[in-house]
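Subject: Structure handover

Hello,

I am passing on the structure we spoke about. Please open it alongside this message; my notes follow below.

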Amino acid sequence: MPSYDKMAYASAAEMIFGTAKNPVTYGRDFTVGGGYVYPELVPHPRPGTESTKKTLVKEYEKMATDVLDRCVAIGIPGIQIELEHVYQMTKNPDWGGEIAAATKRLQEDYYRKYGLKSAIRATVADYRKPDEEDIRNSVALESTLKTFETSAAGGADNLSIESVGGKEVSDYTIVRQDIRGTLFGIGVLGSRDMEFMWKQVVEIAGKYGVTPGGDTNCAQANVAMFMAGGYQDRSVPHTFAALTRAIAGARSLVAYEQGAKGPSKDCGYEDVIIKSITGNPISMEGKTCACAHSDLLGNLVGACCDLWSNEAVEYHDMFGGTTVAVFAEILGYDVALMNTAIELGYAKMLQEMMVQSDKYRDTHGFILCPENAYEIGKAIIDNNTSYYARSRAAAIKAGQLMLGDSKLQMSAFEKDALESAMRTLESLPDKEEDFISECADIYKKLIPGFNLANYGL
């Protein structure tokens, strides 16, 4: 259960890109959070190449070679390649292991020839279906855990996952702007599933001497953020999505309570909250993930990053080379600017520019700027008596921050949605067991396949 009782930093002012309280070293002379920002390139195979193991391994070898070649060509000193598993790589555990091994062979060759520092993150797919199966005893879980083993044995330096616990509830509640159910799905069910999953991930990582990385609430908070969309979208209020993200901060913390060391998973926008609490390094994605999706905080999220990622880019040709090479170059120049700012003593100035360019663009960026993320992290720690208590406290703090800053402009639609959610949050029971009982009665009737036993309840 919850173990953090104080913040890693005395204030948000201490948090900066490239430096973490607890840096991690792995791979080929690769240190994350030790005073330097590295790029993390995520290549994605073309449709059809996953039809056989042979064609998929070959695709990853081509992509990794293009990335490493571009790094050497333009002088990028180090890079992490994330092998974010397509379904087939986890469904067939030996595929994921063989791709990790092939990537490691290439990285070791470039390290030996050119001194290129490098590392591999394997993000195993979580294809469990909480509304259809016993997710604590399923073929999908067995395959997922086996793939962690084959990936670690094959050469992955960092093990991560985007776990899906509670998604059957949050999918139902997010589109209905039901903050009670979203708090239940992410904060309570998601946290309990992470505890179950991450005990096993950390054990596997220890068995093979690799680093347990982190998780992300991609399956839930990112869904809310992407449904909220841009200025023209109204499928989900932006304020509601921001509350969802604060809850995700409390939820994603569970990986570190079980022994994860970071760097965190790049698509976890809540990671800056995690860093404020744990001091562990984080990977973030922003403007350079526009190849995968759009967001409204493309500069701001770099403010405290230790790895800077492109999310994922499908392998194709461009005028400047293949997509993976081009995005490796873009990331390389981004981090070169950050690292030069560190070396010249201008890091805080560059960070302020990043933050101010996006802080008031949208509520999501507003709550994730370092000073507000820190306050949400503090609310989590101050209420760290249960998964429910801290998740609820995180959401309430995020709402108070949004309502308390006159510079943050909200339409009547957005403000009404926020105030409605806040009234609900404040009216909820104080005890976790009362909240679970209340939600169980509601959502067992509304959501087919929802099973409390999936979460040890």
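Helix H1 is a good place to start. Its buried residues are Leu56, Val57, Glu59, Tyr60, Met63, Ala64, Asp66, Val67, Leu68, Arg70 and Cys71. Please keep in mind that this is a predicted model.

H1 covers residues 53–74, which is 22 residues. From its first C-alpha to its last, H1 reaches 32 Å, close to the 32 Å expected at 1.5 Å a residue. Glycine 75 follows H1 and has a positive phi, near 85 degrees.

Before H1 in the numbering there is a pair of strands, S1 (residues 19–26) and S2 (residues 30–34). S1 and S2 run antiparallel and are joined by 4 bridges. Threonine 25 stands opposite threonine 31 in S2. The two strands form a hairpin, with 3 residues between them. Glycine 27, in the turn, also has a positive phi, of about 65 degrees.

The last item is a helix pair, H11 (residues 323–344) and H12 (residues 347–358). Their axes are 7 Å apart, and the helices pack at an angle of about 140 degrees. That angle makes H11 oblique to H12, because only angles over 145 degrees count as roughly antiparallel. On the H11 side of the contact are Leu337, Met338, Ala341 and Ile342, which meet Ala347, Leu350 and Met354 in H12. By type, the residues of this contact are 7 nonpolar, with no polar and no charged ones.

Regards

Technical notes: Residues are numbered from 1 along each chain as its sequence is written. This is a predicted model: local features need pLDDT of at least 70, side-chain atom pairs count only at pLDDT 80 or more; totals for chains, interfaces and linings use all residues. Side-chain values use heavy atoms; hydrogens and water are left out. Two strands pair if DSSP finds at least two bridges between them. The expected span of a helix is 1.5 Å times one less than its number of residues. Buried means under 20% relative accessible area, exposed over 50%, partly exposed in between (1.4 Å probe, protein chains only). Axes are lines fitted to C-alpha atoms, for helices over the stretch in contact, and angles run from 0 to 180 degrees between N-to-C directions. Angles under 35 degrees count as roughly parallel, over 145 as roughly antiparallel, 65 to 115 as roughly perpendicular and the rest as oblique. Contact means heavy atoms within 4.5 Å. Ala, Val, Leu, Ile, Met, Phe, Trp, Tyr, Cys and Pro count as nonpolar, Asp, Glu, Lys and Arg as charged, and the others, Gly among them, as polar.
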